[in-house]
Amino acid sequence: MSQLNPKIHASKIIVALDYADATSALALVNQLNPALCGLKVGKELFTAAGPHLVETLVNKGFNVFLDLKFHDIPNTVAKACEAASRLGVWMLNVHASGGLAMMQAAKEGVAKSGQQPLLIAVTVLTSMDQATLNQIGIAGNLQDQVLKLAQLTQQAGLDGVVCSAQEAPVLRQHLGADFCLVTPGIRPADAKSDDQTRIVTPAKALQLGASYLVVGRPITQATNPLASLQSIVAEITKSL
Ligand SMILES: O=c1ccn([C@@H]2O[C@H](COP(=O)(O)O)[C@@H](O)[C@H]2O)c(=O)[nH]1
């Protein structure tokens, strides 16, 4: 770990712990430290391992992003956000397409917990391209849809959005420097894109204005996950 640049850049990375069980996730986590990266718990791991694992990661000192993408009626989302916030997570999210009232309810739910996690909203999933957006009945341009949902998110008083780094410049221009842009779909130049369509390399994503980079399979499916993470940190550091 000592050869890594200990500066803030490293903690711009959030490792997506997309594992089938707690044992597999902890095998990687135990090689990491909170200065190096944040951790994301998504639907697979949360469904398998539950809130206890989230609390374990929080107690180890990591910034934990609970990526459950709540999308339901406002009352249900408010209660879910309250419960999620009580786990001590650093960040949680909802789907912006749930609408203004749902996002405002989410914010109220977080406030009720007495905790102050970052609350962000998913705009258009990074796996989607223009054609898949049209398939679900949204006729407009994909970037316009991301911007529209991000503006709604800001209007609801949330802290930021999940988007592709491809949209970061236009979101920065309209939503300002402080709005948090969390960007999955990060792929080192030699990595497979998998099911992601709107991909960007780590260094480029930061140059475009991303606040945080979410990286899953390029690290977790690598033969040596720690080496893969270190290589991404090195790429970011070199580009600054
Ligand atoms: O638009 C979105 C929202 C969330 N995700 C999540 O990020 C990771 C990405 O994993 P990779 O293996 O690096 O593709 C994953 O947990 C998704 O659920 C996203 O990809 N896009």
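The following exercises, with worked solutions, concern a predicted model.

**Exercise 1.** Determine whether Asp67 and Asp72 are buried, partly exposed or exposed, and locate each in the secondary structure.

*Solution.* Step 1: begin with the annotation. An unreviewed UniProt entry assigns the feature "active site" to Asp67, Lys69 and Asp72.

Step 2: place the two aspartates. Asp67 belongs to strand S3, which spans residues 64-70. Asp72 lies in the loop that joins S3 to helix H3 (74-85).

Step 3: apply the neighbour count. A residue is buried if 20 or more other C-beta atoms lie within 10 Å of its own, and exposed if 12 or fewer do. Asp67 has 25 such neighbours and is therefore buried. Asp72 has 16 and so counts as partly exposed.

Step 4: list the contacts of the buried aspartate. Leaving aside residues up to four places away in sequence, Asp67 touches Lys40, Val41, Gly42 and Asn93.

**Exercise 2.** Establish whether Gln196, which lies in a loop, is buried or exposed, and identify its contacts.

*Solution.* Step 1: the loop containing Gln196 runs between strand S7 (180-183) and helix H8 (202-208).

Step 2: Gln196 has 21 other C-beta atoms within 10 Å, and is buried because the threshold is 20 or more.

Step 3: apart from residues up to four places away in sequence, Gln196 is in contact with Thr126, Ser127, Gly185 and Arg187. Thr126 is also among the residues that come nearest to the ligand.

Step 4: for a distance across the model, take Lys148, which is 48 residues from Gln196 along the chain; their C-alpha atoms are separated by 22 Å.

**Exercise 3.** Describe the residues around the ligand by proximity and by class.

*Solution.* Step 1: the shell comprises 16 residues, of which Ala16, Thr126, Pro184, Gly216 and Arg217 come nearest.

Step 2: divided by class, the shell contains seven nonpolar, five polar and four charged residues.

**Exercise 4.** Identify which residues touch the most other members of the largest nonpolar core, and give the contacts of Leu39.

*Solution.* Step 1: recall the general tendency. Nonpolar side chains in soluble globular proteins tend to be buried together.

Step 2: the largest nonpolar core has 72 residues, and Ile14, Val15, Leu39 and Ala106 touch the most other members.

Step 3: with residues up to four places away in sequence excluded, Leu39 touches Ile14, Val15, Leu17, Val29, Leu57, Phe62 and Val64.

**Exercise 5.** State the helix and strand content of the annotated domain and the separation of its ends.

*Solution.* Step 1: the unreviewed UniProt entry lists residues 12-232 as "domain: Orotidine 5'-phosphate decarboxylase".

Step 2: across residues 12-232, the chain is 44% helix and 16% strand.

Step 3: the end C-alpha atoms of this stretch are 11 Å apart.

Notes
Residues are numbered from 1 along each chain as its sequence is written. This is a predicted model: local features need pLDDT of at least 70, side-chain atom pairs count only at pLDDT 80 or more; totals for chains, interfaces and linings use all residues. A residue is near a molecule or strand if its C-beta atom, placed from the backbone, lies within 6 Å of it. Ala, Val, Leu, Ile, Met, Phe, Trp, Tyr, Cys and Pro count as nonpolar, Asp, Glu, Lys and Arg as charged, and the others, Gly among them, as polar. A nonpolar core is a set of buried Ala, Val, Leu, Ile, Met, Phe, Trp, Tyr and Cys residues joined through C-beta atoms within 7 Å. Two residues are in contact if their C-beta atoms, placed from the backbone, lie within 7 Å. UniProt positions are given in the numbering used here, feature names are shortened, and annotations may be inferred rather than shown by experiment. Helices (H or I, at least four residues) and strands (E, at least two) are DSSP runs, numbered from the N terminus.
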